[in-house]
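Look at the sequence and the model before reading on. The paragraphs below go through the nonpolar cores and then the salt bridges.

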Amino acid sequence: MARGSNQGEPTDWVTRAADDAIRHARQTGPEDRLITCASGASPSGPIHLGNLREFLTVHFVAEEIRRRGHAVRHLHSWDDFDRFRKVPAGVDPSWSEHIGRPLSAVPDPWDCHPSWAEHFKEPLQHALRELGVEMEEVSQTERYRAGAYTEQVLHAIRHRDDIERVLAQHRTKKVEPVAESEEEAAALADSVADAEDEVTASGSGDLARFPYKPYCRQCGRDTVEVTAYDDDSTDLAYTCSSCGYAGTTNVATEHEGKLVWKVDWPMRWMVEGVDFEPAGLDHMTPGSSYTVGKDVVKRVFDFRAPSSATYAFVGVAGMQKMSSSRGGVPTAADALQVLEAPILRWLYVRRQPKQAFNVDFGAEVVRLYDEWDALARKAANPDKRDAQVLAFERASATAAAGRLPTPKVVVPFRQLSSVADVTAGSAELVSRIVGEVGYAHDSVDDLQPRLGRAMTWTADYVPESERTTVRATPDEDRLAALDEDEELWLAQLLDRLPDEPDADELTTLIYGVPKLGRGLGLDDPPTDEVKADQKRFFRLLYQLLVSAERGPRLPTLFLALGSEKVRSLLRPPAT
Ligand SMILES: [Zn+2]
């Protein structure tokens, strides 16, 4: 028995989008029709964190519909029958010969996949599995080549005058979208390029805006001009401006082309029975593909456009250290190197799609984990269930995968990264120190998947200037310049430093040494003078151990270095 959203339950954008999708399904089919939430992506390059919003927006809505007990699928279309448009930087310029061919027919320049399209699909598919996203994937190359749309293609061609009337209306209404950022401007320029590709789509005269375009049989490119079409035989004649080929394809029996984008998209809404499909801002402006598609699907394919959501751009921040080495296009896989899967999901579910946000790889990561851990504590209390907790639940689990992996023993990310920083390497050592500073656990695994991410983040994203570099050799100059107080403090510290101290012992000792200097005991409360001495003493220790004025907590640093190493760096030169 399907249920709606209950009264008193918290609601969010996912709740409302699911309501809309269910309503669309009821209005366009029988009560028990399978509800389809669709996403689409062109595998033309690395699928970055902005594109990920397309996938996750649909995923969350499909999950909500499933939670309510309806039959639902997340259908993902790979638009790999789209043309290869330009050779990106870093790829052999000779790949320009493939411009105009379908992405699925362009070879993989890195030689690891069967095609350009597969090369860029695979890493995202992998990341989506880790994110708990399950989808029914279709390749538009396979669909078109198999003739899955032939009936609709012929229908569109028969109604090409109607289509042209709709497109013409929108052409005159077209308003140039205003970009709010450089990145946005680049994406909009791309979508304008898409639109312009289509204007030059086909032939001349009454064939000028023919809605279907074959790939050239000889060279495989879409640089063709339709020269004749016979409505009775469905023979389409064309010439290719790239290779000079002139020939004929039969639209009914030979599946060599595709509908132009603004007809292709609405055609698929009808064929697949799409009830919900979001789109980026660039597809939602007047004259853009969703707006036009809405009219095309109604007037030509007699179907109602799916309910939708417009999503804003996702930017990135804190990538300074990475940008030069990786080309600065972070993907979901990059984000999963530093964020637990539920936290990455949370970034996309906690805000309405129309809100832009950044995925920040810098210092903000630490704050994000703190915020997440605080929300997890709140979510554990059923009395506190609200929209924030609802977002937490959506981020944490899926119907099929259940709860996504989080650490058995939750240690603050800031603590793990700080220990990873000073130990510079071994997970076992981090685990041991973290255990000693108050986070009891049985094995390294209890700290995963967070520990590995903290180690990666510290190594790859914390700028050198913020890293802790333990001195390899004693600072002879500083040791030779110790004043009387400093000499006494170090002597008392070294005198009492155990070989295998625990964190409590170290804390008492490090804070206590300046007390001894003032005639107090290690456990006495500090006086104002002692507090001033402690500041000087701690700074001295940082100078001598890590050549800095500050650093990680000293007991943690001592544990990480071990007493032998500490002694070697703090012992004044023999006089
Ligand atoms: Zn050709």
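This is a predicted model. Its largest nonpolar core has 105 residues. Within this core, the residues with the most contacts are Leu-52, Leu-339, Leu-344, Tyr-348, Phe-558 and Leu-570. Apart from it lies another core, made of 42 residues, including Phe-81, Cys-219, Leu-259 and Ala-305. In soluble globular proteins, nonpolar side chains tend to be buried together.

Which residues does Leu-570 touch, once its neighbours within four places in sequence are left aside? The contacts of Leu-570 are Leu-479, Leu-490, Leu-493, Leu-494, Leu-541, Leu-544, Leu-545 and Phe-558. Phe-558 also appears with Leu-570 among the residues that have the most contacts inside the largest core.

Now turn to the charged side chains. How many salt bridges does a search of the whole structure find? The search finds 47. One of them joins Asp-19 to Arg-68, with the closest N and O atoms 2.6 Å apart. Asp-19 lies in helix α1, which covers residues 13-28, while Arg-68 lies in the loop between α2 (52-67) and β2 (72-78), so this pair ties together parts that are 49 residues apart in sequence. Are the two partners buried or exposed? Asp-19 counts as partly exposed because its relative accessibility is 26%. Arg-68 has a relative accessibility of 3% and therefore counts as buried, the limit being under 20%.

Asp-19 and Arg-68 also belong to a network of salt bridges. The other residues linked in this network are Asp-12, Glu-64, Arg-67 and Arg-394.

A second pair can be found within helix α2, where Glu-63 and Arg-66 both lie. The side chains of Glu-63 and Arg-66 meet in a salt bridge, at 3.0 Å from N to O. Glu-63 and Arg-66 are three residues apart, which is about one turn of the helix. Glu-63 is buried, with a relative accessible area of 14%, whereas Arg-66 is partly exposed at 32%.

Further along the chain, Glu-549 and Arg-539 form a salt bridge between their side chains, with an N to O distance of 3.8 Å. Arg-539 is in helix α21 (528-546) and Glu-549 is in the loop between α21 and α22 (554-561), so the pair ties together parts that are ten residues apart in sequence. Arg-539 has a relative accessibility of 37% and therefore counts as partly exposed.

Definitions and conventions
Residues numbered from 1 in each chain as written. Predicted model: local features only at pLDDT ≥ 70, side-chain atom pairs only at ≥ 80, totals over all residues. Heavy atoms only, no water. Salt bridge = Lys/Arg side-chain N within 4 Å of Asp/Glu carboxyl O. Helix = DSSP H or I, 4+ residues; strand = E, 2+ residues; numbered from the N terminus. Buried < 20%, exposed > 50% of the residue type's maximum accessible area, 1.4 Å probe, protein only. Core = buried A, V, L, I, M, F, W, Y, C linked by side-chain atoms within 4.5 Å. Contact = heavy atoms within 4.5 Å.
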